[in-house]
Amino acid sequence: MALKIIASSCTGCSACEPECPNVAIREKGGTFIIDPAKCTECEGQFDAPQCVSVCPVDGCIKPA
């Protein structure tokens, strides 16, 4: 289980990167990507994925 940032929707605002408790998000080519090996969808840590809760673009971050 992991989330994916839709590159065509990502504005590169970087709001998601510092919110990830697993350091699974990084910048690549002007947008951000999620490392599926590190992403836990914040299960056991928060009620909802933190990246989704701060992303200003609806539907930008979805299940992989």
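## A walk from Cys51 to the cavities

Start by selecting Cys51 and showing what surrounds it: setting aside neighbours up to four places away in sequence, Cys51 is in contact with Leu3, Cys16, Ile25, Ile34 and Ile61. Keep in mind as you look around that this is a predicted model.

**Stop 1: the nonpolar core.** Keep Cys51 selected and add Ile5, Ile25, Ile34 and Ile61. These five touch the most other members of the largest nonpolar core, which has 15 residues. Now colour the strands β1 (3-5) and β3 (31-34), since each of them supplies at least two residues of this core.

**Stop 2: Gln50.** Step back one residue, to Gln50, and you'll find yourself in helix α1, which covers residues 50-54. Is Gln50 buried or exposed? Gln50 has a relative accessible area of 17%, and the cut-off for buried is under 20%, so Gln50 counts as buried. Show its contacts next: not counting residues up to four places away in sequence, Gln50 touches Glu19 and Cys42.

**Stop 3: the loop before the helix.** Follow that contact over to Cys42, in the loop between β3 and α1. Cys42 is buried too, because its relative accessible area is 7%, and buried means under 20%. Have a look at the backbone here: Cys42 isn't a glycine, yet its phi is positive, about 65 degrees. Then click on Glu41, which sits in the loop between β3 and α1 as well. What is the phi of Glu41? It is positive, about 60 degrees, although Glu41 is not a glycine either.

**Stop 4: the largest cavity.** Time to turn on a cavity display. The structure holds two cavities of 30 Å³ or more. The largest has a volume of about 90 Å³. To find its centre, select Cys10, Cys13, Cys16, Cys55 and Cys60, the closest to that point among the 14 lining residues. Which classes of residue make up this lining? Eleven are nonpolar, three are polar and none is charged. You've already met Cys16, one of the contacts of Cys51.

**Stop 5: the second largest cavity.** For the last stop, look for a space of about 70 Å³, the second largest cavity. Select Cys20, Cys39, Glu41, Cys42 and Cys51: of the 13 residues in the lining, these are the closest to the centre. By class, this lining has ten nonpolar residues, two polar and one charged. Cys51, where the tour began, is one of the five closest to the centre here, and so are Glu41 and Cys42 from the loop.

Definitions and conventions
Residues are numbered from 1 along each chain as its sequence is written. This is a predicted model: local features need pLDDT of at least 70, side-chain atom pairs count only at pLDDT 80 or more; totals for chains, interfaces and linings use all residues. Side-chain values use heavy atoms; hydrogens and water are left out. A nonpolar core is a set of buried Ala, Val, Leu, Ile, Met, Phe, Trp, Tyr and Cys residues joined through side-chain atoms within 4.5 Å. Buried means under 20% relative accessible area, exposed over 50%, partly exposed in between (1.4 Å probe, protein chains only). Helices (H or I, at least four residues) and strands (E, at least two) are DSSP runs, numbered from the N terminus. Contact means heavy atoms within 4.5 Å. On a 1 Å grid over the protein atoms alone, a cavity is a set of points where a 1.4 Å probe fits but cannot get out, and a pocket is an open set with protein on both sides within 12 Å along at least five of seven lines; lining residues have an atom within 4 Å of a point. Grid points are joined across faces, edges and corners, and a volume is the space filled by probe spheres set on the points. Ala, Val, Leu, Ile, Met, Phe, Trp, Tyr, Cys and Pro count as nonpolar, Asp, Glu, Lys and Arg as charged, and the others, Gly among them, as polar.
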